[in-house]
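User: Please take a close look at the largest pocket of this structure and explain what surrounds it. After that, I would like to hear about the aromatic pairs as well.

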Amino acid sequence: MRHSAYIAVLVLASACGDAQQRAAERALYTGEHPYREGRFDAAASIYAEVDYDARVAYNLGNALLQQQLTDSSIQAYIKAISTEQGDSVNAMTYHNLGNAWATIAFNADTAAKEGRERMKSMPVDGADLVTKVRNIVMRDSITQENIKLDQLVDSALAQSAEVYKNGLRRMPSDEDTRYNLALVQRMIAARVKEAKEREKNKNKNKD
């Protein structure tokens, strides 16, 4: 997945305007230094003080995403989109919002795979009764958790794909977003195929 194109701050544009605009410009200017130094928590604190400017919300989303605070970054990007009028900035925000949803999907998918691997080390055949009961309970717990994780993966991938499409509608020439969209769409197709195979095998076992 391509991140490099838009994980950057929008910097100072002008020093004129009303008090709110001046406050936004100050946040953009003041937050740029800690952001570029990698002090994303400090930058986020500065950007979070201004909740009405799309540029600041976009930068806040980036600072949060850099800290792997993905859920919070999504809310910041949504705020930026809801208050921004310019298509170019919107396209950048959609790109990073798509990345954030994709990150949630990747993390949930990794956790689900780790859960399935753990289940392999919990035999129920040939174990003593206490171990067998414990493993059955743990396997059931992991199975229920994996169901939720798989649902989260599917939902997050769908959100990511739709967001990338919205970004491309605003900036059709954006090849990074097009690449990420294709990657997410391949993942969705692969998961649909795997689900059909699992259902087919389940029915075969019933027969």
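Analyst: The model shown here is a predicted one, and its largest pocket holds about 260 Å³ of space. Around that space there are 13 lining residues, and those nearest the centre of the pocket are Asp-109, Met-187, Ala-190, Arg-191 and Glu-194. Three elements, namely α5 (87-120), α6 (129-170) and α7 (175-206), each give two or more residues to this lining, and the largest share, seven residues, is the contribution of α7. If we sort the lining of the largest pocket by the character of its residues, eight are charged and five are nonpolar, while no polar residue is found in the lining.

Turning to the aromatic rings, the count comes to two aromatic pairs. One of them joins Tyr-35 and Phe-40 in an edge-to-face arrangement, with 5.1 Å from centre to centre and 75 degrees between the planes; an angle over 60 degrees is what counts as edge-to-face. Both Tyr-35 and Phe-40 are buried.

Tyr-58 and Tyr-77 also form an aromatic pair, this one tilted, with the centres 6.3 Å apart and the planes at 50 degrees. Because Tyr-58 belongs to helix α3 (residues 54-66) and Tyr-77 to helix α4 (residues 70-83), the pair ties together parts that are 19 residues apart in sequence. Tyr-58 is buried, its relative accessible area being 0%, and Tyr-77 is likewise buried, with a relative accessible area of 0%; the term buried is used for values under 20%.

How values were computed. Residues numbered from 1 in each chain as written. Predicted model: local features only at pLDDT ≥ 70, side-chain atom pairs only at ≥ 80, totals over all residues. Heavy atoms only, no water. 1 Å grid on protein atoms, 1.4 Å probe; cavity = no way out; pocket = protein on both sides within 12 Å on 5 of 7 lines; lining within 4 Å. Points joined across faces, edges and corners; volume = space filled by probe spheres on them. Helix = DSSP H or I, 4+ residues; strand = E, 2+ residues; numbered from the N terminus. Nonpolar A, V, L, I, M, F, W, Y, C, P; charged D, E, K, R; others polar. Phe/Tyr/Trp six-rings, centres within 6.5 Å; stacked < 30°, edge-to-face > 60°. Buried < 20%, exposed > 50% of the residue type's maximum accessible area, 1.4 Å probe, protein only.
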